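Work through these exercises with the sequence and the 3D view side by side. Try each task before reading its solution.

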Amino acid sequence: MNLTGKSELIQLLDRHGFSFSKSLGQNFLIDKNILDKIINASDIDKNKNVLEIGPGAGTLTCELCKIAKKVVSVEIDSKLEPILNEVMADYDNFKLIMQDAMEVDMKKLVHEEFSDEPFVISANLPYYITTPLVMKFFEEDLPVESMTLMIQKEVAGRMTANAGNKEYGALSVAVRFYSEPKIVCTAPPNCFVPQPKVTSTVINLKVYEEPPYIPDNKEFFFKVVKSLFSQRRKTLVNSLSKSPYMNIDKNIIIQTLNEMNIDINIRGEKLEIEKLVEFSNILLNKIV
Ligand code: SAM
């Protein structure tokens, strides 16, 4: 079955009485060139386990199964189950889990399906849960080697933004903290059916085995980051001293900046992750 052929895909979906759900972010990929790029960037071979979120009608899933050791796909929409059962019938290295990906106990899944072995994530994501899902994979301390994801172009811009750029924010810092991001390609709306309103981007996040940035206290570091970027028009001193997430004396913040030879009128968005880690370590030292 050629699922990147629009008419063949529509015929299959019609035969099952399927109709697209906008609220589940259902825009199915119909561009073979983009599909190949996702597969290449995912860097999969016969020894790799793959986790896919949102298989849809199985377009990416089939290609993953052809080259991977095992593919586990998590799909929320029960209307897609019979379609996937038909499309994936010939693949014995495929497992479908019908559940909301945000609700899945990922540690249990990785233990039961991959015997705790490393795995990669490859997915054309439902855009409404991109950020919480990516954060879930980063924060749950799973053996994820990389994530190759189709996401909204604007979100990819935020994930890869550098300090000083207007798109630089808490998401940029979190992504850089855990991984090395690389843009693979962009996909205009006509690569999908139905066409989304936005342009999409395939991004590859190579997850660090050994994180290069080691704050003394990760929770404290991320609270500082959240404080700085939730009020980004304010100076670092003002946003942090008035943070709803932590209670830090203004003078201690100024002392910390002075010690680092940083202008006390700087905005948090001007600091690269290395400086943010250094800043949070010195600050923490002063308040404990
Ligand atoms: N992979 C298919 C493709 O490339 O054509 C479909 C991608 S479509 C953008 C997103 C898919 O994610 C849909 O199949 C949708 O039903 C599914 N989905 C949406 N929310 C989900 C959730 N919370 N958990 C798991 N799957 C979800």
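A disulfide is a pair of cysteine sulfur atoms within 2.5 Å. Keep in mind that the model is predicted.

**Exercise 1.** Find how many disulfides the rule gives, and check Cys65 and Cys191.

*Solution.*
- Step 1. Start with Cys65. The closest cysteine sulfur belongs to Cys62, 7.1 Å away. The cut-off is 2.5 Å. That is too far for a bond.
- Step 2. Turn to Cys191. The nearest cysteine sulfur is that of Cys185, at 8.3 Å. Cys191 is therefore in no disulfide, as the cut-off is 2.5 Å.
- Step 3. Give the count: zero disulfides.

**Exercise 2.** Decide whether Cys65 and Cys191 are buried or exposed.

*Solution.*
- Step 1. Buried means under 20% relative accessible area.
- Step 2. Cys65 has 3%, so Cys65 is buried.
- Step 3. Cys191 has 2%, so Cys191 is buried too.

**Exercise 3.** Describe the largest nonpolar core and say where it lies.

*Solution.*
- Step 1. Count the members: this core has 66 residues. Leu51, Ile53 and Leu149 touch the most other members.
- Step 2. Find the main contributor. Helix H12 (residues 273-287) gives the most, with seven residues.
- Step 3. Place the core. Domain 1 (6-207) and domain 2 (218-287) both give residues to it, so the core lies between them.
- Step 4. Look around Leu51. Beyond its neighbours within four places in sequence, its contacts include Val72, Met106, Phe114 and Phe137.
- Step 5. Look for another core. A second, separate one has 37 residues, among them Ile39, Ala57, Ile83 and Cys185.

Technical notes:
Residues numbered from 1 in each chain as written. Predicted model: local features only at pLDDT ≥ 70, side-chain atom pairs only at ≥ 80, totals over all residues. Heavy atoms only, no water. Core = buried A, V, L, I, M, F, W, Y, C linked by side-chain atoms within 4.5 Å. Buried < 20%, exposed > 50% of the residue type's maximum accessible area, 1.4 Å probe, protein only. Helix = DSSP H or I, 4+ residues; strand = E, 2+ residues; numbered from the N terminus. Domains from an automatic or database assignment. Contact = heavy atoms within 4.5 Å.
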